Amino acid sequence: MKKIEAILRHFKLEDVKNALSEQGIAGMTVIEVRGFGRQKGHTETYRGTEYAVDFVPKVKLEVVIDDDRVQTVIDTIIKTAQTGQIGDGKIFVSDLSDTIRIRTGETGGEAV
Amino acid sequence: MSVPIRWLALALVFVGTAIQPGLTLAQETPDLVTVAAKAEEAALAGHNAWMLVCCALVLFMTAPGLAMFYGGLVRKKNVLGVMMQCLFLMGLMTVLWALYGYSLAFGGDGPYLGNGDYLFMEGVQQFWNAETNSPETPMAGVIPMLTHMLFQGMFFIITPALICGAFAERMKFSAMVVFSILWGTLVYCPLCHWVWGGGILAFGSDHAWSGGALDFAGGTVVHISSGVSALICALVMGRRKGFGSSDLRPHNLTYTTLGAAMLWVGWFGFNAGSELASDGLASSAFAATHFSAAAGLLGWSFYEWFKLGKPSVLGAASGAVAGLVCITPATGFVNPMPALAMGAAAGIVCAFACGTVKSKFGYDDSLDAFGVHGVGGTLGAVLTGIFATRACWDIAEGEKLGFLEGGSVLTGQLVAIGVTWIFSIVVTFVILKVLDIAIGLRVSESDEVLGLDLSEHGEEGYIFT
């Protein structure tokens, strides 16, 4: 199984969630994050004191998925979240050693 | 059938009115002494109702006004620290004022200090008059002395609270407490006595230097003193850790904006209430106050719009406050149109002081106590000397006042400004140095990083689970 982490724009979250649900993805986790890549931040001025605010607010979506569905998920996310502007985000795919359902104790594919 | 009933009702009303006390045809005409007494009672009711509301308005300025205005400007981890300073001073300074503060500031009219009258509220509070066999209320002009004491007491609270803006986010709470006691006693009370208690800066007083100064609501006593002392605090205590490199952005400008609005409203009590009566001059002072705030807001906003391309909320709020600070000494001496000019000037000058001057010299006056109160107060005291008119308050019995109408009060203004600056600087410096040796002024570096809410008070401001 794989863990997919997708850094997204805030306003794209609902669209991505709906698109993934249509693909049968039943669960996911969302965290508020800040970061930057090629998208630069902005400056704020308070009574003449300037601050460079580099970190841009984003959301990180985490989905754990069987190996055979990884590409579908990636394609769905890209299709829904892309705007073509710098700052669309990134997707990271990593190997996951195990998943356990707390309520029942199921492990592996059953627990995903 | 209805006609007889209508006539019966009318007759009943007529009879009922006739037997009301005081309205029967058989009543005696009251004598002039009674009428005069009744008229005085009515006037007192008017003056005192207004002034008691003003007392409440000025207290409202310290908290929630200043507490929110300053609270929003600091980082989240220090929000309670700032609010605690404002709240605690409401308690601390009130007790000092009751015990000896009012006496020190207003006892007698000697040149330098109070003479011991009014200690522990003696001569202020109501007492039993053995001659008339009834309670008596000491009066101060047209209001009870209690009201005067309360009103002045609210000023005694807010002035040290203003200084907190300079050392926010790094002063030990214990040091702030002792500092406020010493500063209130050794700087505020003498200065208050000099300007308002018939001392060396009081306009028209026997002891006055260069004729004394016109300070209606506290340009010197409150704003210059606190603003300049704030600068000394900032210089002596040094900059915050991470100044110039860390993220020191205001954590909640919504508080600051609403706090500024509360200050604006409360300031009507501060300025118009300084007339100590409900009359035409109070209305004039109210108008001058409001106009100056409005022009100050526009001044700072347009300055930013022009210089930076965008007007900020913080600039608009600060501009209004700058206008209010500037007009404070002048509010009962200048007409509304000059007040507009003064406010606009303050908006621009203070914007420049907080933005350009502060960064050029590199001192960390965290919340711009000097930039707004020190600079704005000084500007206001000078402009009072320019725009003051006998048409508002004929304080010099017919003599012209301000420079523009051909008077000579400007000299007294400049002397008072100089005295206030020097006195505030010297005494504040000594207090700080002594305190630093005795108990230390600054929190430790690790406490400063942790935040004063936790280090000084063991609390967190926001717990959003």
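This presentation describes a predicted model with a chain A and a chain B, taking chain A first, then its contact with chain B, and then chain B itself.

A word on conventions. Residues are numbered from 1 along each chain as its sequence is written, while chains are lettered from A and ligands numbered from 1 in the order in which they are written. Because the model is predicted, local features need pLDDT of at least 70 and side-chain atom pairs count only at pLDDT 80 or more, whereas totals for chains, interfaces and linings use all residues.

Let me begin with chain A. Its secondary structure comes to two helices and six strands, and along the sequence these follow the pattern β-α-β-β-β-β-α-β. Helices here are DSSP runs of H or I with at least four residues, strands are runs of E with at least two, and both are numbered from the N terminus.

What is the radius of gyration of chain A? The value is 17 Å, where a compact globule of 112 residues would have one near 13 Å. The radius is taken over C-alpha atoms, and the globule rule is 2.2 Å times the number of residues to the power 0.38. Along the principal axes, the C-alpha atoms of chain A fill a box of roughly 60 × 30 × 20 Å. Of the 112 residues, 14% count as buried. A residue is buried if 20 or more other C-beta atoms lie within 10 Å of its own, exposed if 12 or fewer, and partly exposed in between, with C-beta atoms placed from the backbone.

I turn to the sheet. Four strands of chain A form an open sheet in the order β2-β5-β1-β6, with antiparallel pairing. Its edge strands are β2 (29-35) and β6 (90-95) of chain A, each of which pairs on one side only. Two strands pair if DSSP finds at least two bridges between them. On average, neighbouring strands of this sheet are turned by 25 degrees against each other, direction ignored. Between β2(A) and β5 (residues 56-65) of chain A there are seven bridges, and A:V33 stands opposite A:K58 in β5(A).

The two helices of chain A both meet these strands. Helix α1 (residues 13-22) lies across β1 (2-8), β2 and β5 of chain A, and runs at about 10 degrees to β5(A). Helix α2 (residues 70-81) of chain A packs on the sheet and touches β1, β5 and β6 of chain A, its direction making about 5 degrees with that of β1(A). Axes are lines fitted to C-alpha atoms, for helices over the stretch in contact, and angles run from 0 to 180 degrees between N-to-C directions.

How do the two helices meet, and at what angle? Helices α1(A) and α2(A) pack at about 145 degrees, with their axes 9 Å apart. From α1(A) the contact takes A:D15, A:V16, A:A19 and A:L20, and from α2(A) it takes A:V73, A:T76, A:I77, A:T80 and A:A81. Contact requires C-beta atoms, placed from the backbone, within 7 Å.

The remaining two strands of chain A form a hairpin. Five bridges join β3 (residues 42-46) to β4 (residues 49-53) of chain A, and these strands run antiparallel. The bridge partner of A:E44 in β4(A) is A:Y51. The hairpin has two residues between the strands, and A:R47 takes a positive phi near 50 degrees.

Next, the contact of the two chains. It takes seven residues from chain A and 13 residues from chain B. On the chain B side, α9 (313-327) and α10 (336-361) each supply at least two residues, and the largest share, five residues, comes from α10(B).

Finally, chain B. It has 14 helices and four strands. Its radius of gyration is 25 Å, which agrees with the value near 23 Å for a compact globule of 465 residues. The C-alpha atoms of chain B fill a box of roughly 90 × 65 × 50 Å along the principal axes, and 53% of its residues count as buried.

I close with one residue of chain B, B:A320, which is placed in helix α9 of chain B. Why does B:A320 count as buried? The reason is that B:A320 has 28 C-beta neighbours inside 10 Å. Leaving aside neighbours within four places in sequence, B:A320 is in contact with B:A260, B:W264, B:A293, B:G296 and B:L297.
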